[in-house]
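Work through the exercises below with the structure open. Try each task before reading its solution.

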Amino acid sequence: MSTPEVAVLVGSLRQGSFTRAVAQALIGLAAPRLHLRIVEIGDLPLYNPDLDEGTPPAAWTRFRGEMAGVDAVLFATPEYNRSMPAAVKNALDVGSRPYGHSVWAKKPAAIVSVSPGLLGGFGANHHLRQPLVFLDMPVLQQPEVYLSKVQESLNEAGELSNERTRQFLADFLARFADWIAQQQPA
Ligand code: FNR
């Protein structure tokens, strides 16, 4: 198999996001086995089926097109109120329609949850697993990634400076690459 194309969906829309900084680091750590790139979700209008009746919003068409072209999906998300941010759920909804044209089905997925707090976004991580079951995405089970106290792993430039975290994430990405390869039809 050639190098898998992996969309990285970042659940935080804010400038200076810790989660985006981690996502950027993951891109470097995944090469050369995986080609990761961030697919933006911040401009997607809230999903409304009425808007799929005529010409859908341009941002939905752009997103669906980008997602159709990838082999796998990596979710990097903070936790909002013990769940996933609305931006992530909205992206899932937009990509799941029109009915029968989901961009998600059968695509291998993995989740990295991020928090400045101690729980590492556990609630977001596990709530996200629920729709991925319905969307028929084989999700990597182990290793689980709950990145707690994330600011302690990043330097002033937003780079992943903690060697233990770097090694852990590199091992996680190697397992994800194996998982993607296993999901290919024989
Ligand atoms: C948060 N935050 C948060 N953190 C957490 O660990 N568990 C939670 O349930 C929540 N809830 C929550 C709700 C809302 C609306 C906001 C804006 C924030 C704090 C959050 O982890 C913190 O703002 C991170 O910095 C968000 O990630 P980014 O934006 O740095 O990537």
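**Exercise 1. Place Asp-136 and describe its backbone.**

Solution. Start with location: Asp-136 sits in the loop between α4 and β5. Helices (H or I, at least four residues) and strands (E, at least two) are DSSP runs, numbered from the N terminus. Next, read phi: for Asp-136 the angle is near 65 degrees, a positive value in a residue other than glycine. Most residues other than glycine have a negative phi, and most peptide bonds are trans.

This is a predicted model, where local features need pLDDT of at least 70, side-chain atom pairs count only at pLDDT 80 or more, and totals for chains, interfaces and linings use all residues. Residues are numbered from 1 along each chain as its sequence is written, and side-chain values use heavy atoms, with hydrogens and water left out.

**Exercise 2. Locate two cis peptide bonds.**

Solution. Step one: the bond from Arg-97 to Pro-98 is cis, with omega near 0 degrees. Pro-98 belongs to the loop between α3 and β4 (109-114). Step two: Gln-142 and Pro-143 are also joined by a cis peptide bond, with omega about 0 degrees. Pro-143 falls in the loop between α4 (122-134) and β5 (145-147).

**Exercise 3. Describe how α2 packs against α3.**

Solution. Two packed helices are described by the angle between their axes and the distance between the axes. For α2 (residues 58-68) and α3 (residues 86-96), the angle is about 80 degrees and the axes are 10 Å apart. Axes are lines fitted to C-alpha atoms over the stretch in contact, and angles run from 0 to 180 degrees between N-to-C directions. The two helices are therefore roughly perpendicular (65 to 115 degrees). Now list the contact (heavy atoms within 4.5 Å): α2 gives Trp-60, Phe-63 and Arg-64, and α3 gives Ala-91, Val-94 and Gly-95.

**Exercise 4. Find polar partners of the ligand's oxygen atoms.**

Solution. Look for polar contacts, here pairs of N or O atoms within 3.5 Å. From the side chain of Ser-17, a polar atom lies 2.6 Å from a ligand oxygen. For Ser-115, a side-chain N or O atom is 2.7 Å from an oxygen of the ligand. Phe-18 uses a polar backbone atom, 2.9 Å from a ligand oxygen.

Terms used:
Polar contact = N/O pair within 3.5 Å; in protein donor to acceptor, adjacent residues only side chain to side chain. Parallel < 35°, antiparallel > 145°, perpendicular 65-115°, else oblique.
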